Structure formats: structure tokens, C-alpha cells
Amino acid sequence: MILQTFMRENIMGFPERRLRRLRSNENIRRLVRETQISIDDLIMPLFVRPGKGIKQPIPSMPGNFQMSVDKLVEEVKILEGLGIPGIILFGIPEKKDEMGSDAYADEGIIQKAIIALKREVKNILVITDVCMCEYTNHGHCGFVRTDDRTGHFEVDNDMTLELLVKESVSHAKAGADIIAPSDMMDGRVGAIRQGLDENGFEHIPVMAYSAKYASGFYGPFREAAESTPGFGDRSSYQMDPHNAAEALREVSLDIEEGADIVMVKPALAYLDIIRIIKDKFKYPVAAYNVSGEFSVVKAASEKGWIDEKRVALEILTSIKRAGADIILTYWAKDAAQWLRK
Ligand code: PBG
């Protein structure tokens, strides 16, 4: 369709047609610009840890911090002031165990953070990442069964669903505005939707990490969230990077199970996936511009090899152009400042 229109319009060729005419100055370029990244599109990921007065830099993600609740509140007030619509929270608990119990404890780190944020910051969405990997002592995204003889391990899908539902309901009780499950267990969106509805949270949307790939780009995040698996990797539950049709099946199931927003993650190496999902489902699509995508640009810019601001805005624009409505990015705060100028 686009190609046919293009062919028809282009019967007349060079030298009558000169595409450079519409590139000749900034005002003309502004008028014909097809994609515009805006503050309205951005969600800032933040890491919260126990303690007081703590704002500990994350070495692999310059400009990002593990913050105690008091510091987190200060930071979120600034983000609110910049007009950023939402934040997504990741928790580093006091202690980790086999069942990831801090994930669904009333006094858990995320629950405390949500309560403080809801009390002190009025106009920003508090989204919570729902997963077990930050809370389990082995770092996997669910309940792990290990065969003592063979050493073979497996993340138990259906057992994990119960934990994820408890975690989601406990976030909602604390005051979370949107629940975002990132674990990649089968059936979790439906289970969480049902759990929320049964507990009086039918108004809380689910933003599902639907097409979440087993990616090397999560490296810096795992340092930030202290969630590197102690053994094995996540390829028995996260998607294989070679697959695209499977992403459509994942999204289709999540929508059927009640997802309100579907997510693709990572973003940059998966722009094709964002595009096919947007075209096929016409649902709000979020894209997670993940830690590794951020850190490689930071590192190159620190060496003077790349202009960070220019490249970051180019990356965010490309994600939007691919079809994303929402972008989760560690550049959200910087981008909001750049875009306001
Ligand atoms: C899992 C989760 C991960 C990220 C977001 N949620 C890590 C993983 O699956 O290992 C990665 C985000 C990033 O790399 O920026 N709770």
C-alpha cells in the first residue's frame, strides 16, 4: 500500500523531483517531520533499596542510582516537575530467599516505596515491575526446583504464578497505579488480572512484558538490581532472540488474558518486533530501551567517540518511529530536560 502510493507519486523523477528541497532548512524539516519524541512517551526506571539517605551510584549505568525511599521521593518529585508521566520501580530487598518473600511482604521494599510516593508525590504514575528475580536467593524469575541427582533445574511455572499474583495484589494494595509483570511465565497475565479483580483492583491496568527476549543487553541492570542468576540462564522462560512469529503468539495470549498495554523488550535490537506488533494488534505498545542499550552509548560517549545527547534522541526517535507509544528508558530524565529546551 505505502509502496504503491510511493510508485504513483514518483512517476516524475529527477531532475524535476528533488527530495533535498524539503531538507534545506530547519523550519522546513520541522514541518515535514513524521515522528516526534515527546515527554509524554517516557517512563523512568528507578531502583529502590533499604536504608536512609542512600543514593548509591550504579557503576555500569552512569547517572543511575540505588536509592533509599527518602532519596527516591526527592528524585520522583523532580521527575514529576519535568512532566514525566510515570516511573517504574525495581526493588533491592534487605534479604533474599528461596520464595522471594520480600516481593509480596506488606513491609517489602517496593511496598514501602509505593506508600511513601503516593503520600508525597501526587501527579506521576507509579508502575511496579512484578517478578521474582530481585527477591530470590538464586536470582531466577520464579520458584526453582532442582533435581539433586542431575543438578537439572527448572523454574516451576504454575507455582510461580501464585507468587506473582500475591506480589501484584500487594503492590496494588500499597497504591501502585499499573502492574507490569516481567517474569515470562505462561498464564501470568490472566492469573494476575483475576487476582487483581478479586481483590477490588479491577481498575488497575496490566502492562505486560509480552515479548521479552533472553538478551545480553540486560547485563548492567543485573548489577543494578543485584539479580544475576546464581546458576544457569533465563532462556527456558524468556524468548529466543531468533524468533518473531512467536512474539505475536505471546502478545496475542497476553491480550486475551487481559493485558492493557503490551511490551517489547529490549527495544533497539527488536524494532522489527515493535513494528509487527503495533501493526497487527493496534494495542498500546511499550518498548523497554534496556540497560545495555543505554550503557554502551554512555561508555562510548565517555570515551568521546559518540555524542550522547544526539545518539540518545536518535535512538528514542527510532523506537517511536518503529511504532512504540511508550518508552521505558534510563534517558527519560535527561530527555525530558533536552526536550523542554
Ligand atoms: C526482570 C527484569 C529485568 C529487566 C527488567 N525487569 C532483567 C532480566 O530479565 O534479567 C531488565 C531491564 C534492563 O536491562 O534495563 N525483573
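Biologist: What makes the pair formed by a polar side-chain atom of Lys212 and an oxygen atom of the ligand a polar contact?

Modeller: In this predicted model, the two atoms lie 2.7 Å apart. A polar contact is a pair of N or O atoms within 3.5 Å, so the pair qualifies.

Biologist: Which distances place Arg222 and Tyr330 in polar contact with the ligand?

Modeller: An N or O atom in the side chain of Arg222 is 2.6 Å from a ligand oxygen. For Tyr330, the distance from a side-chain N or O atom to an oxygen of the ligand is 2.6 Å. The protein covers 100% of the 410 Å² of accessible area that the ligand has on its own. Around the ligand there are 18 residues, and those that come nearest are Lys212, Arg222, Lys265, Ser291 and Tyr330.

Biologist: Why is Val32 called partly exposed?

Modeller: Its relative accessibility is 40%. Buried means under 20% and exposed means over 50%, so Val32 falls in between. Val32 is found in helix H2, residues 26-32. Together with Leu22 and Leu31, Val32 makes a nonpolar surface patch of about 320 Å².

Biologist: How do you know that strand E11 is largely enclosed by the rest of the structure?

Modeller: Five of its five residues, 285-289, are buried, so the strand is largely enclosed. Val285, Ala287 and Asn289 point one way, while Ala286 and Tyr288 point the other way. In a regular strand, side chains alternate between the two faces of the sheet.

Biologist: What makes strands E10 and E11 a pair?

Modeller: Pairing needs at least two bridges, and three join E10 (residues 261-265) to E11, so the strands pair. They run parallel. Ala286 in E11 is the bridge partner of Met263.

Notes: Residues are numbered from 1 along each chain as its sequence is written. This is a predicted model: local features need pLDDT of at least 70, side-chain atom pairs count only at pLDDT 80 or more; totals for chains, interfaces and linings use all residues. Side-chain values use heavy atoms; hydrogens and water are left out. Patches are made of residues with over 30% relative accessible area and no salt bridge: like charges are joined within 9 Å, nonpolar side chains (Val, Leu, Ile, Met, Phe, Trp, Tyr) within 5 Å. Accessible areas come from the Shrake-Rupley method with a 1.4 Å probe; for residues, only the protein chains shown count as cover. A salt bridge is a side-chain nitrogen of Lys or Arg within 4 Å of a carboxyl oxygen of Asp or Glu. Helices (H or I, at least four residues) and strands (E, at least two) are DSSP runs, numbered from the N terminus. Buried means under 20% relative accessible area, exposed over 50%, partly exposed in between (1.4 Å probe, protein chains only). A residue is near a molecule or strand if one of its heavy atoms lies within 4 Å of it. A polar contact is a pair of N or O atoms within 3.5 Å; within protein, one must be able to donate a hydrogen and the other to accept it, and residues adjacent in sequence count only if both atoms are side-chain atoms.
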